[in-house]
Amino acid sequence: MPETPTALSTAAEELVALTRLEYELTLFSRHYLASAKYRPNQQLDRSAYLILVRLELDSPLSLKELAEAFRLDISTINRQVGAMRKQGLVERVADPDGGIARKVRATARGLEMLVADRTHSRSGVTKVLAEWQDDDIEKMASLIAKFNESIENLEGNPWPRPAG
């Protein structure tokens with residue numbers, strides 16, 4: 001059965017929208033990753049920041065749990081966590097549930113640096129959104145959360161989120 005002109009135009013519009021979205025996501029990631037270069041006050045590298053964000057909400061975790069959460073090889077996580085341990089950002093602790101594997105948790109220093117970097121990052125976002133209406137900021141936050149949750153659902157890898 002041939003598609004109707006309305007169905008064709010809807011499919012074409014959807015393709016245009018998806019193409020635009022993919023392009024804008026590419027730019028979004030470029031701007032976000034490139035902006036670290038222009039934030040000299042950031043103390044943490046990208047991997048340390050992300051690991052601390054996860055440990056802040058879901059701690060302690062084993063190296064295996066971290067590797068699964070980040071979809072990385074355990075050797076990569078082990079190297080990143082090792083570097084963080086040397087900096088005093090995380091520490092190894094006994095499994096509170098009595099398991100054999102040691103777990104990793106953020107130190108007070110690690111959490112302090114995370115809060116400082118997050119505050120600095122938030123001030124940068126505030127500058128970018130200075131001309132935006134509050135409801136537009138809320139819409140964007142909701143849509144990005146919905147997008148991220150869709151990815152998490154497809155991957156079967158939900159991430160914890162802060163309350164509120």
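The following legends accompany an overview and several close-up views of a predicted model.

**Figure 1. Overall arrangement of secondary structure in the predicted protein.** The protein contains six helices and two strands. Along the sequence, these elements follow the pattern α-α-α-α-β-β-α-α. Of the 164 residues in the protein, 23% are buried. The exposed area of the protein is about 11900 Å², of which carbon and sulfur atoms supply 58%. Where contacts link residues at least 6 apart in sequence, 54% of them join residues at least 24 apart.

**Figure 2. The largest nonpolar core.** This core comprises 21 residues. Those that touch the most other members are Leu44, Ile51, Leu55, Leu66, Ile77 and Val81. Two or more residues each are contributed to this core by α2 (46-57), α3 (63-70), α4 (74-86), β2 (103-106) and α5 (108-128).

**Figure 3. Contacts of Ile51.** Ile51 belongs to the group of core residues that touch the most other members. When neighbours within four places in sequence are left aside, the contacts of Ile51 are Leu66, Phe70, Ile77, Gln80, Val81 and Met84. Among these partners, Leu66, Ile77 and Val81 are also listed with Ile51 as residues touching the most other members of the core.

**Figure 4. The buried face of helix α3.** The buried residues in α3 are Leu63, Leu66, Ala67, Ala69 and Phe70. Viewed down the axis of α3, these buried residues fall within an arc of 165° and therefore line one face of the helix. The cover over the buried residues of α3 includes α2, α4, β1 (90-93) and β2. Two of the residues on this face, Leu66 and Phe70, are in contact with Ile51.

**Figure 5. The residue that follows helix α3.** Arg71 is located just after α3. The phi angle of Arg71 is positive, at about 55°.

**Figure 6. A nonpolar patch on the surface.** The patch is formed by Leu18, Leu21, Leu25, Phe147 and Ile151, which together have about 400 Å² of accessible area. Helices α1 (5-35) and α6 (134-155) are the elements that give two or more residues to the patch. The largest share, three residues, comes from α1.

**Figure 7. Ile151 within the nonpolar patch.** Ile151 is located in helix α6. The relative accessibility of Ile151 is 34%, so this residue counts as partly exposed. The class of partly exposed residues lies between buried, under 20% relative accessible area, and exposed, over 50%. On the surface, Ile151 shares the patch with Leu18, Leu21, Leu25 and Phe147.

Key: Residues numbered from 1 in each chain as written. Predicted model: local features only at pLDDT ≥ 70, side-chain atom pairs only at ≥ 80, totals over all residues. Heavy atoms only, no water. Patch = residues over 30% accessible without salt bridge, like charges linked within 9 Å, V, L, I, M, F, W, Y side chains within 5 Å. Areas by Shrake-Rupley, 256 points an atom, 1.4 Å probe, with all protein chains shown as cover. Salt bridge = Lys/Arg side-chain N within 4 Å of Asp/Glu carboxyl O. Helix = DSSP H or I, 4+ residues; strand = E, 2+ residues; numbered from the N terminus. Buried < 20%, exposed > 50% of the residue type's maximum accessible area, 1.4 Å probe, protein only. Core = buried A, V, L, I, M, F, W, Y, C linked by side-chain atoms within 4.5 Å. Contact = heavy atoms within 4.5 Å. Arc of directions from axis to C-beta.
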